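Colleague: Got a minute to walk me through this model? I'd like to start with a few residues and then look at helix packing.

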Amino acid sequence: RFSALWFLVAFAAGPLARIARASWARLLVRERRGIGLGFCAAHTVHLAAILLWLGRGGAAGAATLAAGGLGYLFVFAMAATSNDTAVHRLGARRWLALHTAGQYYLWFVFAQTYLGRVLAADARPVHLALAVAAAAAMGLRLFTVLTRFDRSHPG
């Protein structure tokens, strides 16, 4: 849950800055790389916990392991390329494609995870809060993309 919050802040930073035009929103955009790396660190701790759980007899289905494994590949690839040198070496277009695909894939995994938990018999309020936060973050992104919302260019 902790890493999901880091992710959602990084995911929503750009649209928030485009809509709010407030100093706090611009700060999120400026610090997005660090926020993303914080997400990677937190999610790596989560991976270690999963591996310990699996090593002690925990079980997960093949689809869950494959989807989660791909998510972690995106997390580590995006973290490894979160520097100016990587942008230069990959080229801006490929770097953007990697980070865009990774963000949307990870959003899908988090949204599916928390929506699934909301619908479970043992659901807790935190699951609903994170499902709503994921939906809101995507809503912000879709709004700014579909309307080409940009307060810096009137009309």
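Modeller: Sure, a few questions and answers follow. This is a predicted model, where local features need pLDDT of at least 70, side-chain atom pairs count only at pLDDT 80 or more, and totals for chains, interfaces and linings use all residues. Residues are numbered from 1 along each chain as its sequence is written, and side-chain values use heavy atoms, with hydrogens and water left out.

Colleague: Is Gln103 buried or exposed?

Modeller: Gln103 sits in helix α6 (residues 92–118); helices here are DSSP runs of H or I, at least four residues, numbered from the N terminus. Buried means under 20% relative accessible area, exposed over 50%, partly exposed in between (1.4 Å probe, protein chains only). Gln103 has 19% relative accessibility, so it counts as buried.

Colleague: Which residues does Gln103 touch, leaving aside neighbours within four places in sequence?

Modeller: Contact means heavy atoms within 4.5 Å. On that basis, Gln103 is in contact with Phe7, Phe11, Met78 and Arg141.

Colleague: How do the axes of α1 and α7 run relative to each other?

Modeller: The axes, lines fitted to C-alpha atoms over the stretch in contact, with angles from 0 to 180 degrees between N-to-C directions, come within 9 Å and cross at roughly 30° for α1 (residues 2–20) and α7 (residues 125–146). Angles under 35 degrees count as roughly parallel, over 145 as roughly antiparallel, 65 to 115 as roughly perpendicular and the rest as oblique. So α1 and α7 are roughly parallel.

Methods. Helix = DSSP H or I, 4+ residues; strand = E, 2+ residues; numbered from the N terminus.
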